[in-house]
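Biologist: Could you take a close look at one spot in this model for me? I'd like to begin at a single residue and then see how its surroundings connect to the rest of the chain.

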Amino acid sequence: MKNSPRLKRLVDFFVMNQTETRPRWYIRLLAPLYQKRGRGSVIHNSVRMDTPPYRRFAIGQKSVIESFSCINNAVGDVIIGDHTRIGIHNTIIGPVTIGNHVNLAQGIVITALNHNFSDKEQFIDEQGISTENIVIEDDVWIGANAIVLPGVRIGRHSVVAAGSVVTRDVPSGVLVAGAPAVVKREIC
């Protein structure tokens, strides 16, 4: 399928609603067959799972995705580790890897997707997209309403303060805050 753009467009048409840019209803019915869910994991009923079967979605053991969140793996895999909590009203757009024992407060946006916009003669929504992997390592806490942008790696045992905009990598064992987020101090 990678060598045939026409076939790829055809499959995409049958899997994804082109207007709503989410999997069609009959694909969502099959989600339990292709989503990997660890034992004791919980995904609340109000979570919008935009997870077509041609990308990976996995959630580890005893992890939770709280109400009114949106998980989208249409442009890249979304992998969530064990004992991780995705708070109320979070948006995660892949490719994103979230480690173990990670806590995301409410209202967080983690997006590895960017729209291309360099051609001023063409509409932005017709110029395509680009993605850069986001990695959130183990034992991280991200405060309410933070934003994590494409290509960022957040190191182990770090804290992102509420309302921060993370535009570059965060080292392990630090507290970052601000827009853009900068290191405020080391965590003992």
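Where does Asn-145 lie, and between which strands?

Modeller: Keep in mind that this is a predicted model. Asn-145 is in the loop between strand S18 (141-142) and strand S19 (147-148). Its backbone is worth a look: phi is positive, about 45 degrees for Thr-21 and about 60 degrees for Asn-145, and Asn-145 is not a glycine. Most residues other than glycine have a negative phi. Asn-145 counts as exposed because its relative accessibility is 51% and the cut-off for exposed is over 50%. As for Thr-21, which isn't a glycine either, you'll find that residue in the loop between S1 and strand S2 (22-23).

Now follow the chain out of the Asn-145 loop into S19. That strand belongs to an open sheet of six strands, ordered S5-S8-S11-S14-S19-S22 and paired in parallel. In that order S19 comes between S14 and S22. The edges are S5 and strand S22 (165-166), each of which pairs on one side only. Further in, strand S11 (residues 91-93) and strand S14 (residues 109-111) are held in parallel by three bridges, with Ile-92 opposite Ile-110 in S14.

S11 also leads to another backbone oddity. Pro-95 is in the loop between S11 and S12, and the peptide bond joining Gly-94 to Pro-95 is cis, with omega about 5 degrees. Most peptide bonds are trans. On the far side of that loop, S12 is part of a second open sheet, again six strands with parallel pairing, in the order S3-S6-S9-S12-S17-S20. Here S3 and strand S20 (153-154) are the edge strands, pairing on one side only. Strand S12 (residues 96-98) and strand S17 (residues 134-136) share three bridges in the parallel sense, and Ile-98 faces Ile-136 in S17.

The edge strand S3 is a handy way into the next stop. Gln-35 is in the loop between helix H3 (31-34) and strand S3 (36-37). Is Gln-35 buried or exposed? Buried: its relative accessible area is 7%, and the buried class takes anything under 20%. The side chain makes a polar contact of 2.6 Å with that of Arg-37. Setting aside neighbours within four places in sequence, Gln-35 is in contact with Met-49, Thr-51 and Phe-57. Leu-33, by contrast, is found in helix H3 itself and is exposed, at 73% relative accessible area.

Gln-35 also turns up at the second largest pocket. The 14 lining residues there include Arg-28, Ala-31, Gln-35, Arg-37 and Met-49, which lie nearest its centre. About 200 Å³ of space lies in this pocket. H3 gives the most to the lining, three residues, while H3 and strand S5 (48-50) each supply at least two. So the edge strand of the S19 sheet also has a part in this lining. By class, there are seven nonpolar, four polar and three charged residues.

The largest pocket comes out at about 850 Å³. Its lining has 22 residues, and Asp-12, Tyr-54, Ala-74, Val-75 and Ile-129 lie nearest the centre. H1 leads with four residues; helix H1 (5-15), strand S1 (16-17) and strand S15 (113-115) each supply at least two. The split is ten nonpolar, six polar and six charged. S15 also borders the loop that holds Gln-127, which runs from S15 to strand S16 (129-131). Gln-127 counts as buried at 13% relative accessibility. Not counting residues up to four places away in sequence, Gln-127 touches Asn-116, Phe-117, Ser-118, Asp-119 and Gln-122.

Last, the later part of the chain. Strand S23 (residues 174-178) and strand S24 (residues 181-186) run antiparallel, joined by five bridges, with Leu-175 partnered by Arg-185 in S24. A hairpin of two residues links them. Pro-180 is in that S23 to S24 loop, and the bond from Ala-179 to Pro-180 is cis, omega near 5 degrees. For a sense of distance, Val-176 is 143 residues from Leu-33 in sequence and 39 Å away in space, C-alpha to C-alpha.

Methods: Residues are numbered from 1 along each chain as its sequence is written. This is a predicted model: local features need pLDDT of at least 70, side-chain atom pairs count only at pLDDT 80 or more; totals for chains, interfaces and linings use all residues. Side-chain values use heavy atoms; hydrogens and water are left out. Buried means under 20% relative accessible area, exposed over 50%, partly exposed in between (1.4 Å probe, protein chains only). A polar contact is a pair of N or O atoms within 3.5 Å; within protein, one must be able to donate a hydrogen and the other to accept it, and residues adjacent in sequence count only if both atoms are side-chain atoms. Contact means heavy atoms within 4.5 Å. On a 1 Å grid over the protein atoms alone, a cavity is a set of points where a 1.4 Å probe fits but cannot get out, and a pocket is an open set with protein on both sides within 12 Å along at least five of seven lines; lining residues have an atom within 4 Å of a point. Grid points are joined across faces, edges and corners, and a volume is the space filled by probe spheres set on the points. Ala, Val, Leu, Ile, Met, Phe, Trp, Tyr, Cys and Pro count as nonpolar, Asp, Glu, Lys and Arg as charged, and the others, Gly among them, as polar. Two strands pair if DSSP finds at least two bridges between them.
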